[in-house]
2 protein chains.
Amino acid sequence: MHQNLKKIGAELNPNVSVDCVIFGFDLEKLNILLIDRGEISAASGPRLALPGNLIYNNENLDQAASRVLTELTGLQDIYLEQVGAFGDPDRIHKESDREWLKSIRAEPEARVITVAYVSLVQMSGYVPQASSFAKNADWFPLDAFTELAFDHSEILDAAKNKLKQQLKIQPIGFNLLPEKFTLSQLHRLYESILDKPLDKRNFRRKIQKLNILSNLKEKQRGVPHKPSSLYQFNEEKYQELTQTGFDNFGF
Amino acid sequence: MHQNLKKIGAELNPNVSVDCVIFGFDLEKLNILLIDRGEISAASGPRLALPGNLIYNNENLDQAASRVLTELTGLQDIYLEQVGAFGDPDRIHKESDREWLKSIRAEPEARVITVAYVSLVQMSGYVPQASSFAKNADWFPLDAFTELAFDHSEILDAAKNKLKQQLKIQPIGFNLLPEKFTLSQLHRLYESILDKPLDKRNFRRKIQKLNILSNLKEKQRGVPHKPSSLYQFNEEKYQELTQTGFDNFGF
DNA sequence: TGAGCTTTGTGTCATTTTAACACTATCCAA
DNA sequence: TTGGATAGTGTTAAAATGACACAAAGCTCA
């Protein structure tokens, strides 16, 4: 039987976990990083889940989120922002979830509250490598979605909303786009996050007024249409604006 | 010695707590509801703390917050909104805090992460009644502040910020003001929350355009100056706007 | 009783921001 | 060379913002 361990030092805390919602952009649409839990014998629940696991007692929540993300997917050095805590007593007790937990946890029946984190990365820079209990780790398009394990669909929704809000008070894009990018790509990114079309000319005017873009005197090559100018974020101004924020970027 | 209890059913969870940041408005300034932990013998740390305690394993976080608030301060039926989780491993291990925890917890050394909640109430409607381990519960002005127990000052800051943000995307005031109130009172409320002066005329113009106020054809009485018109929130429109929100209420 | 104190309540104007809208330029491919 | 695809650009009308000052109304107290 499972006994509680004394919760000091570097022991896993059986009651608190972290989950990571990692968004990636492939220059067309948003994707999310999920792990595959593999075949679940009896009740056939969803196989996909957010990367997440119990915390250790000697690490803080932010550290735990980074560690867990790395352990399950190999991704490193990602800035994670807290979304909030999820603590329904039954959140992990669906039949298919319990079965899986039995295979990976010392106290599979323990009540676990989880703290969710969100981040944005440039997909091409991060190739997931599954390990630990993740059978696989990969990017999945955010649209056309199936159900996730536990309450992870709910967490994903909360993360999406957080992201939308964030967009209104901070510049976003630095982590999601390659170093050189086109305004159309940035435009698509904003449309993906806000999940609504934005007028092209108005978008360009507004984003330019933020004064965080440098127009490299360089053009796309090899595209079967008029080539676009390439831009770069002015890192200094971008960081400055990230710190101070703006009251609203009213789209 | 303290043994871990099996974490099922209605047992306290030694690793997760909730803390409540309750703001009240006295028509002049913001106040916050705190409990007094009483005399602490040895190390003389702060006596004041946010009302908070461990959760039970069979309740969700929102329920736990409501219950704990009621148990410690007597306040009931308050809508609480989550601020976030705070989980530094040492957040409750200052000397004065440990000493106090020994007197009220079965596992005073356990690692505890806490989930913070925030709410707004009309002070006059809620008279705190301390009980449980709260020696006293009362309102304290938000300005001119001393340190709080644990990491509660940090939590308070986060709650204040949450409140400021909220103000920009939702109407606020319904819970904080008496049924009939003046525009000046609402004005002071907004200034208190945003912690900056707002132009009187511009404020009035803007708030009126929201279309959530009914001008009662009634005036203040007995004030030693020109009496103000009294207003009421149009509950229907207020709720509607609370649901849908607005993109920005740019002050 | 009227003079003084205090707070209410109100409008304008210049500037900025917003939303809506369509056509030409450039490159590649066939 | 033509057709297909995307890039890039400006105007206008309407709305929102921020700055700003003075008369009206009630109370108090000398």
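These legends describe close-up views of a predicted model with two protein chains and two DNA strands.

**View 1. Chain A as a whole.**
Chain A holds six helices and nine strands. Its C-alpha trace spans about 65 × 35 × 25 Å along the principal axes. Of the 251 residues in chain A, 37% are buried. Many contacts link distant parts of the sequence: among contacts in chain A with a separation of 6 or more, 74% join residues 24 or more positions apart.

**View 2. Confidence along chain A.**
The average pLDDT of chain A is 92. A score of at least 70 is reached by 94% of the residues. Residues 1–9 of chain A are another matter: there pLDDT stays under 50. For this stretch the model has 14 contacts beyond four places in sequence.

**View 3. Strand 4 of chain A and its partner.**
Strand 4 of chain A covers residues 52–56. Five of its five residues are buried, so strand 4 is largely enclosed by the rest of the structure. Strand 1 of chain A, residues 12–25, runs antiparallel to strand 4 of chain A. Four bridges join the two strands. To find one facing pair, look for A:Ser17, which stands opposite A:Leu54 of strand 4. When following any strand, recall that in a regular strand the side chains alternate between the two faces of the sheet.

**View 4. Helix 5 of chain A.**
Helix 5 of chain A has 10 residues, and one of them is buried, so the helix lies largely in the open. Just after helix 5 of chain A comes A:Asn211, with a positive phi of about 70 degrees. Helix 5 of chain A also faces DNA: it gives four residues to the surface near DNA strand C, the most of any contributor.

**View 5. Where chain B meets chain A.**
Here 25 residues of chain B are in contact with 25 residues of chain A. On the chain B side, strand 1 (12–25), strand 5 (81–86) and strand 6 (113–122) each supply at least two residues. By class, this side of chain B has eight nonpolar, 11 polar and six charged residues. The interface residues of chain B are 100% shared with chain A, so the copies meet through the same surface.

**View 6. The axis between the copies.**
A turn of 180 degrees and a shift of 0.0 Å along the axis lay chain B on chain A, with an RMSD of 0.1 Å. The two copies are thus related as by a two-fold rotation axis. Which residue of chain B comes closest to the rotation axis? It is B:Gly84, with its C-alpha at 2.4 Å.

**View 7. The surface near DNA strand C.**
Around DNA strand C there are 22 residues. A:Lys226, B:Ser184, B:Arg201, B:His225 and B:Ser229 come nearest. Helix 5 (200–209) of chain A, helix 4 (183–194) of chain B and helix 5 (200–209) of chain B each supply at least two residues of this surface. Its residues comprise four nonpolar, nine polar and nine charged.

**View 8. The surface near DNA strand D.**
DNA strand D is surrounded by 23 residues. The closest are A:Ser184, A:Arg201, A:His225, A:Ser229 and B:Lys226. At least two residues of this surface come from each of helix 4 (183–194) of chain A, helix 5 of chain A and helix 5 of chain B. Helix 5 of chain B has the largest share, with four residues. The classes are five nonpolar, nine polar and nine charged.

Conventions
Residues numbered from 1 in each chain as written. Chains lettered and ligands numbered in written order. Predicted model: local features only at pLDDT ≥ 70, side-chain atom pairs only at ≥ 80, totals over all residues. Contact = placed C-beta atoms within 7 Å. Nonpolar A, V, L, I, M, F, W, Y, C, P; charged D, E, K, R; others polar. Near = placed C-beta within 6 Å. Buried ≥ 20, exposed ≤ 12 C-beta atoms within 10 Å, placed from the backbone. Pairing = 2+ DSSP bridges. Least-squares fit on C-alpha atoms with pLDDT ≥ 70 in both. pLDDT = per-residue confidence, 0-100.
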